[in-house]
Amino acid sequence: MTALVFRAGPLLCALRLDEVVETMRPRETLPLAGTPAFVRGISVLRGVPTPVIDVSRLLGGGPAEPERFVTVHTERGAVALATGELLGIHAVDTDAAGGHPALLGGASSRLVAGVGSVEDEPLLLLQSMRTVPDEVWEAAAAAGAP
Amino acid sequence: MMTGRTFGAKLAAGFGLTLVLTLLMTATSVLALRYVMTTKDKVVHTASTSLIEAQTLNALMEQRIGDYRAFLLSGTAEWLNTTNQDRRAFLDQVIRVRETLDDDTADKLLDTVSTAEAAHAAAIDEVVAKRQKIKSLVSTSQLSNDKVKPTRLAVQAAITNLLNRIKKIVNDIRKQSSDRATVAMIFIVGFGGLLVASAAGVAWRLSRDLRREVGAAVGHIQSSSSELEAAAAQQATGGRDQASAMNEITTTISELLITSRQIADSAQRVSKVAEDTAEAARTGDATIDQTRASINAIRAQVDQIVQHMLALGEKSQQIGSVVDLVSELAEQTNILAINATIEASGAGEWGRRFAVVAEEIRKLADRTAGSAKEIRTLIDDVRGAVNTTVMATEIGAKAVDAGSRQFDDATNSFRRIAQLVATTSDATREIELSTKQQTTAVEQVNSAASDTARASRETEASAVQTKQTAAHLSTLSGDLLDLVGTGRH
């Protein structure tokens, strides 16, 4: 399975290649009131207003300056993920959410599809954004709330 | 009356008084002797003239009688003439006797003689006339005359009375003269006694004053001699101390002289060093000019380095811009390659091959980006180095400026030092000259100090001599006190 590997703060993450629409440089983002902390705001990409999610903050890695925007498909349209450096497209071998799912937590386990490794560094394969249920987002919002 | 007079004045006054009395006594004695001599002369005159002349009368009378008797015997005219001459001589003698007499009684007696002689002459004339008549005398009785003898006796008696009267007068005058001589002797003896008494009084007074005043003075002299002796002893001690001190001073001055000569030599050496320093300073002037040129050249080189470094920084910045562009392009290429890979992943086999190409492009873009990043780092390093170099160069330029200013200051200081060295050289020469003069002066002082030391020793010897003299004087004072009768104190 090929995936796009990137950094999100201290974390090393990957997205399945078929989830990714495109990558681009970070664009101007307008913060939105009343949104969870991991939502950086909204940005206009390809003429369409798109919410921007900070992956590092989403996965509990703390705030990080975005280097790239990676747009992915969701059921409600494209979502931009603010990430760190893109490490390229690699073949990733992970346990399919197996292993020790309990260790991955409750709600967040739904965000992480599996865990692999690249060059002795753990790699979090993210869940497809289309399969993340709303409660997960809510739980993530509740967990990320200060 | 004599109080307050000096002893010399008193002595002179005493001797003056004695001298006056002596002169007075001498004059008085002379007057008395003259008086006595006058009286005696009168006695002698009376005795020698009146008495002799009167006795001559007697003789002439006897001579006439003899001649008369011869005439009577011979009857010659010769004897008659002689007889007549004898009478004239007798009358002349009467006149001379009268001239010598100043006594009335004697004059009367002489008148008596004249009268008697006239009577006697008349008697003789009668006899003479009788004889002339007789041619041949047979007997004397032929010539007898009774008047002749009484008149002759009367004449002789009158002459004898005259002689007695004159003798009496001579005796009276002699007695009177003896009385006056006695009076004069008594007067002279009395006056001599008065003179002796006065001289004794003066001598007593002078002796008393001599004892009192000279004794006191000699006592003072004795005490002063003792004080002088003590002072001389003290002076001798002082002279000895002074002589030793002068010896020390002479030694010190000799050392000072040596020091002065050393100073003069040192000053000469300093003068030589100062001249060498002045010569070195003149040489240093040329060196300073060369150094100033070198500093100016360094300043120009530093300015050029700064300019070149600034140009290098500018070029580096331009390279940085190009590298930024390359980096930007590499990043864009990276994004495009990733997106191309993403796009190609859903396009089957052709897509996979395209994805391989795109991956290679991405890798090239990554390498390009990495190289650009390294270049960026290197350029940043270069710029930092340039900046550092520029700053260092500017600091160096400022340091050169500061160094130039300090060099100017140093040059001024150096020139001032050179002037001061010249002044020092002059001053050193003056010091040398002054020190030589000082050495000469010290030598003179040394000579004077030696003279003074010798004078001190002589003073000491003189003080010892003075002390001995004072002791001798003290002894003499005691002897003098014994002499004046005051006795030793």
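## Close-up views of a predicted two-chain model

At 76% relative accessibility, A:Glu119 counts as exposed, and this value, like the others in these legends, comes from a predicted model.

**View 1. The loop between strands S10 and S11 of chain A, with A:Glu119 and A:Asp120.** A:Glu119 sits in the loop that links strand S10 (112–118) to strand S11 (121–126) of chain A, and its phi is near 50°, a positive value in a residue that is not glycine. A:Asp120 belongs to the loop between S10 and S11 as well, and its phi, about 65°, is likewise positive although A:Asp120 is not a glycine. What is the relative accessibility of A:Asp120? The value is 82%, so A:Asp120 counts as exposed, the cut-off for that class being over 50%.

**View 2. Chain A as the setting of the S10–S11 loop.** The secondary structure of chain A comprises two helices and 11 strands, and its elements, read from the N terminus, follow the order β-β-β-β-β-α-β-β-β-β-β-β-α. Buried residues account for 41% of the 146 residues in chain A, while the chain exposes about 7,400 Å², of which carbon and sulfur atoms supply 53%. Of the contacts in chain A between residues at least 6 apart in sequence, 55% join residues at least 24 apart.

**View 3. B:Asn339 of chain B and the residues of chain A that it touches.** B:Asn339 is part of helix H4 (residues 148–345) of chain B. Is B:Asn339 buried or exposed? Its relative accessible area is 12%, and B:Asn339 therefore counts as buried, since the class takes in values under 20%. When residues up to four places away in sequence are not counted, B:Asn339 touches A:Glu22 and A:Thr23.

**View 4. B:Leu163 in helix H4 and its contacts within chain B.** B:Leu163, which also lies in helix H4 of chain B, has a relative accessibility of 9% and counts as buried. Which residues are in contact with B:Leu163, once its neighbours within four places in sequence are left aside? They are B:Leu51, B:Ala54, B:Gln55 and B:Asn58. B:Glu430, by contrast, is 267 residues from B:Leu163 in sequence, and the C-alpha atoms of these two residues are 130 Å apart in space.

**View 5. B:Thr105 in helix H3, shown together with B:Ala203.** B:Thr105 is found in helix H3 (residues 104–133) of chain B, and with a relative accessibility of 37% it counts as partly exposed, a class that lies between the cut-offs of 20% and 50%. B:Thr105 and B:Ala203 are 98 residues apart along the chain, and their C-alpha atoms are separated by 58 Å.

**View 6. The aromatic pair of B:Trp350 and B:Phe354 in helix H5.** Two aromatic pairs are found in the structure over all chains. In the pair shown here, the rings of B:Trp350 and B:Phe354 have centres 5.6 Å apart, within the 6.5 Å required of a pair, and their planes stand at 10°, under the limit of 30 degrees, so the pair is stacked. The two residues are four places apart in helix H5 (residues 348–484) of chain B, which means that about one helical turn separates B:Trp350 from B:Phe354. Their accessibilities fall into separate classes: B:Trp350, at 59%, counts as exposed, whereas B:Phe354, at 35%, counts as partly exposed.

**View 7. Chain B as the setting of views 3 to 6.** Chain B has five helices and zero strands, and from the N terminus its elements run α-α-α-α-α. What is the span of the C-alpha trace of chain B along its principal axes? The trace spans about 275 × 60 × 35 Å, and the radius of gyration of chain B is 83 Å, where a compact globule of 489 residues would have one near 23 Å. Buried residues make up 30% of the 489 residues, and chain B exposes about 29,300 Å², with carbon and sulfur atoms supplying 60% of that area. Among the contacts in chain B with a separation of 6 or more, 84% are between residues 24 or more positions apart. The chain carries 55 positive and 58 negative side chains, and the centres of these two sets lie 20 Å apart.

Key: Residues numbered from 1 in each chain as written. Chains lettered and ligands numbered in written order. Predicted model: local features only at pLDDT ≥ 70, side-chain atom pairs only at ≥ 80, totals over all residues. Heavy atoms only, no water. Phe/Tyr/Trp six-rings, centres within 6.5 Å; stacked < 30°, edge-to-face > 60°. Buried < 20%, exposed > 50% of the residue type's maximum accessible area, 1.4 Å probe, protein only. Rg over C-alpha atoms; globule rule 2.2 N^0.38 Å. Contact = heavy atoms within 4.5 Å. Areas by Shrake-Rupley, 256 points an atom, 1.4 Å probe, with all protein chains shown as cover. Lys, Arg positive; Asp, Glu negative; His and termini not counted. Charge placed at Lys NZ, Arg CZ, Asp CG, Glu CD.
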